[in-house]
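Me: I would like to learn how to read strand pairing, burial and pockets in a model of this kind. Could we go through the features one at a time, with the general idea ahead of the particular case?

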Amino acid sequence: MNVEFYERIWMWAAVLLLVLFVGTILVTATSEAIRPPSHMETIDPGALADSPEFSNPAVIVRPDGSVVVSVVAQMFSFSPNPIEVPANRPVTFRITSADVDHGFEILGTNANATVLPGYVSQFTMTFTKPGVYTIGCNEYCGLLHHNMTGMLVVNDPESSR
Ligand code: CUA
């Protein structure tokens, strides 16, 4: 089979692009922890008031010492606010929306989840640097979207003793 020289160049360019794209996905998934969502849990957004967890979203320390933060996002705030968690301990965030699509991004970290009504977004991370972090909504959700921020306070348990 005879393949034209220029066609050969384009074929190899296409293969190179595929390798590049798949490589990018592999590198970010392994080294940057950039992953598609893996947690699938549904909830009735109209019945959050009846939910034992989301009717009063809060930071809870379980008996085994693990920290769970339940968050409700709704136009144009996050609840609870501020969120206070300890440093150097795995913190599991469970976030849902009471109205429209929102985002939950902890600026300066790789924590970033889309928050959809009807679903619970969940991820776990450990904060090694105590301090105050800003939480931003990065999904356009209405006229005051740009005002939708929250505060995360990471406390150093060692220094408060
Ligand atoms: Cu909530 Cu933008």
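Me: Which residue of strand 8 is the bridge partner of threonine 92?

Reply: Strands of a sheet pair through backbone hydrogen bonds, either parallel or antiparallel. In this predicted model, threonine 92 has threonine 124 as its bridge partner in strand 8. Threonine 92 itself belongs to strand 5, and strand 5 pairs with strand 8 in the antiparallel sense over 6 bridges. The two threonines are also linked through their side chains, since a polar contact of 2.8 Å joins the side chain of threonine 92 to that of threonine 124.

Me: Is threonine 92 buried or exposed?

Reply: Burial is read from relative accessible area, and a residue under 20% counts as buried. Threonine 92, at 17% relative accessibility, therefore counts as buried. Its strand follows suit: 7 of the 8 residues of strand 5, which covers residues 90-97, are buried, so strand 5 is largely enclosed by the rest of the structure.

Me: In which sense do strand 2 and strand 5 pair, and over how many bridges?

Reply: Strand 2 (residues 67-74) pairs with strand 5 in the parallel sense, over 7 bridges. Along this pairing, valine 68 stands opposite threonine 92, while alanine 73 has serine 97 of strand 5 as its bridge partner. In strand 2, 7 of the 8 residues are buried, so this strand too is largely enclosed by the rest of the structure.

Me: What joins strand 2 to strand 3, and through how many residues?

Reply: A hairpin of 2 residues makes the connection between strand 2 and strand 3, and the two strands pair in the antiparallel sense over 3 bridges. Within that pairing, alanine 73 stands opposite phenylalanine 78 of strand 3. The loop between these strands contains phenylalanine 76, and the peptide bond that joins methionine 75 to phenylalanine 76 is cis, with omega about 0 degrees. A further cis peptide bond runs from serine 79 to proline 80, again with omega near 0 degrees, and proline 80 is placed in the loop between strand 3 and strand 4.

Me: How many residues lie between strand 1 and strand 2 in their hairpin?

Reply: There are 5 residues between strand 1 and strand 2, and in the turn glycine 65 has a positive phi of about 90 degrees. The two strands pair in the antiparallel sense over 3 bridges, with valine 61 and valine 67 as bridge partners. Arginine 62 lies in the loop between these strands and is partly exposed, with a relative accessible area of 44%. Its C-alpha atom is separated by 61 Å from that of arginine 8, a residue 54 positions away along the chain.

Me: Which residue has a positive phi although it is not a glycine?

Reply: That residue is asparagine 88, whose phi is about 60 degrees. Asparagine 88 sits in the loop between strand 4 and strand 5, and at 49% relative accessibility it counts as partly exposed.

Me: In what order do the strands of the open sheet lie?

Reply: The open sheet consists of 5 strands in the order 4-10-9-6-7, and the pairing is mixed. Strand 4 (83-86) and strand 7 stand at the edges with a single partner strand each, so one side of each is left without a neighbour in the sheet. On average, and with direction ignored, neighbouring strands of this sheet are turned by 20 degrees against each other. Strand 6 (residues 102-106) runs antiparallel to strand 7, and 4 bridges join them; glycine 103, for instance, has threonine 114 of strand 7 as its bridge partner.

Me: What lies 2.6 Å from the backbone oxygen of threonine 114?

Reply: At that distance there is a polar atom of the side chain of serine 121. Serine 121 is placed in strand 8, and its 13% relative accessibility makes it count as buried.

Me: Which residues lie nearest the centre of the largest pocket?

Reply: They are Arg35, Pro36, Pro37, Asn112 and Phe123, which belong to a lining of 21 residues. Strand 7 (112-115) and strand 8 (121-126) are the elements that give two or more residues to this lining, and strand 8 provides the largest share, 5 residues. By class, the lining has 12 nonpolar, 8 polar and 1 charged residues, and the space in the pocket is about 730 Å³.

Key:
Residues numbered from 1 in each chain as written. Predicted model: local features only at pLDDT ≥ 70, side-chain atom pairs only at ≥ 80, totals over all residues. Heavy atoms only, no water. 1 Å grid on protein atoms, 1.4 Å probe; cavity = no way out; pocket = protein on both sides within 12 Å on 5 of 7 lines; lining within 4 Å. Points joined across faces, edges and corners; volume = space filled by probe spheres on them. Helix = DSSP H or I, 4+ residues; strand = E, 2+ residues; numbered from the N terminus. Nonpolar A, V, L, I, M, F, W, Y, C, P; charged D, E, K, R; others polar. Pairing = 2+ DSSP bridges. Axes fitted to C-alpha atoms, helices over the stretch in contact; angles between N-to-C directions. Buried < 20%, exposed > 50% of the residue type's maximum accessible area, 1.4 Å probe, protein only. Polar contact = N/O pair within 3.5 Å; in protein donor to acceptor, adjacent residues only side chain to side chain.
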